[in-house]
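Me: Could you take a close look at one part of this structure for me? I'd like to follow a single strand and see what surrounds it.

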Amino acid sequence: MGQYPRRVVQRFPGPELRASIRRIPTSIRQRRQWYKDDVEVVRTARVSRNAVLGRRVRINGFGAHIDPCTIGPYTLVGRVVIRAANHHTEFLNLQELTQQHVIGGRSVLKPPSAPVTIGAGCWIADNVVILEGVTIGNGVIVGAGAVVTKSIPDYAIAIGTPAKVVKYRYPEEVIELIKDIDWWNWSDAKLRANVELFNVDLSTVDPAELKELLGRLH
Ligand SMILES: CC(C)(COP(=O)(O)OP(=O)(O)OC[C@H]1O[C@@H](n2cnc3c(N)ncnc32)[C@H](O)[C@@H]1OP(=O)(O)O)[C@@H](O)C(=O)NCCC(=O)NCCS
């Protein structure tokens with residue numbers, strides 16, 4: 001323990017703060033909403049009560065940590081870290097709790113900027129870190145291990161640190177055709193009635209054939 005006074009360690013972070021930390025995990029209301037929306041969150045994932053998860057979002061990565069953010073319907077999320085907090089880098093001490101409860105100094109937390117927004121039908125793979133303020137479009141794939149520092153457009157595949165778009169999932173013409181169908185808002189009956197669309201390889205499809213298929217959606 002060195003020079004750190006024992007009584008401070010024992011009181012740290014203090015009963016009020018401990019209570020507020022306990023309040024962070026998901027509420028019963030949130031779990032009810034997830035149940036209604038058929039959302040699946042693996043047991044060990046820590047999801048903020050202020051995170052908004054769309055219908056059928058799947059968070060299947062053990063130990064995922066998700067601060068307040070918005071995740072669109074049908075998005076698949078692995079062991080991802082989305083943190084809304086950033087610390088000031090210019091002061092001597094970086095820990096907020098020590099700064100406030102031991103030293104009595106100014107806050108070293110930066111006020112949150114824009115929250116993270118992830119679109120619908122995305123796949124955010126394992127060990128991805130998404131930094132605050134980032135917007136990820138619809139249908140995006142973020143490859144394993146990426147650190148996303150900037151926004152990513154619809155249907156892109158981004159990998160690496162910092163994450164860069166390496167390609168798009170489909171040709172431009174196909175993206176243009178599908179960009180407004182918003183299939184993630186369809187009813188289950190409509191999804192099933194249009195199964196044909198979900199069996200098309202959109203990376204090689206003839207755009208004229210796709211157009212014709214989209215013209216006869218049920
Ligand atoms: C992003 C991903 C989907 C790309 O798949 P793909 O399009 O089939 O890409 P390929 O395997 O053909 O790889 C293409 C190139 O990108 C590289 N690459 C692939 N994924 C990468 C990643 N996550 N980070 C860095 N480079 C990657 C490959 O090494 C290859 O490089 P090369 O051309 O120099 O040989 C996939 O690699 C990935 O990251 N999957 C996530 C797996 C996972 O986390 N699953 C958990 C389930 S939720």
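Reply: Happy to; what follows is a walk around strand β15 and then outward to the rest of the chain. Please keep in mind that this is a predicted model.

Let's set the scene. The protein chain holds eight helices and 16 strands, and 22% of its 218 residues are buried. Among contacts between residues at least 6 apart in sequence, 28% join residues at least 24 apart.

Now to β15 itself, which spans residues 156–159. Its side chains alternate: A156 and A158 point to one face and are buried, whereas I157 and I159 point to the other face and are not.

Start with the buried face. A158 is one of the residues that touch the most other members of the largest nonpolar core, along with V80, V140, V142 and V148. That core has 34 residues. Two or more of them come from each of β6 (69–71), β9, β13 (141–142), β15 and α5 (172–178). Domain 1 (15–169) and domain 2 (170–218) both contribute residues, so the core lies between them. As a general point, nonpolar side chains in soluble globular proteins tend to be buried together.

V140 gives a good view of this neighbourhood. Leaving out residues up to four places away in sequence, V140 touches A156 and A158, and also G119, C122, I152, D154 and Y155.

Next, the strand partners. β15 pairs with β13 in the parallel sense over two bridges, and A158 is the bridge partner of V142. With β16 (residues 164–168), β15 pairs in the antiparallel sense over four bridges. Here I159 has K164 as its bridge partner. β15 and β16 make a hairpin with four residues between them, and in that turn G160 has a positive phi of about 90°.

The other face of β15 leads us to the ligand. I157 and I159 are both among the residues around the ligand, and so is G160 from the hairpin turn. The rest of this shell consists of N60, L76, G78, A125, D126, I141, G143, A144 and G145. By type, the shell divides into six nonpolar, five polar and one charged.

Stepping back, two open sheets are worth tracing in the viewer. One has four strands in the order β3-β6-β9-β12, with parallel pairing. β3 (52–53) and β12 (135–136) stand at its edges with a single partner strand each, so one side of each is left without a neighbour in the sheet. Within this sheet, β9 (residues 116–118) pairs with β12 over two bridges, and I118 stands opposite I136. β6 and β9 also bring us back to the core, as each gives two or more residues to it.

The other open sheet has five strands, ordered β2-β5-β8-β11-β14, and its pairing is parallel too. Its edge strands, β2 (46–47) and β14 (147–148), pair on one side only. Inside the sheet, β5 (residues 65–66) and β8 (residues 81–82) are joined by two bridges, with I66 and I82 as bridge partners.

For a contrast with the buried face of β15, turn to helix α3 (residues 28–36). Of its nine residues the number buried is zero, so α3 lies largely in the open. Just after α3, D38 takes a positive phi of about 60°.

Key: Residues numbered from 1 in each chain as written. Predicted model: local features only at pLDDT ≥ 70, side-chain atom pairs only at ≥ 80, totals over all residues. Pairing = 2+ DSSP bridges. Near = placed C-beta within 6 Å. Nonpolar A, V, L, I, M, F, W, Y, C, P; charged D, E, K, R; others polar. Buried ≥ 20, exposed ≤ 12 C-beta atoms within 10 Å, placed from the backbone. Contact = placed C-beta atoms within 7 Å. Core = buried A, V, L, I, M, F, W, Y, C linked by C-beta atoms within 7 Å. Domains from an automatic or database assignment.
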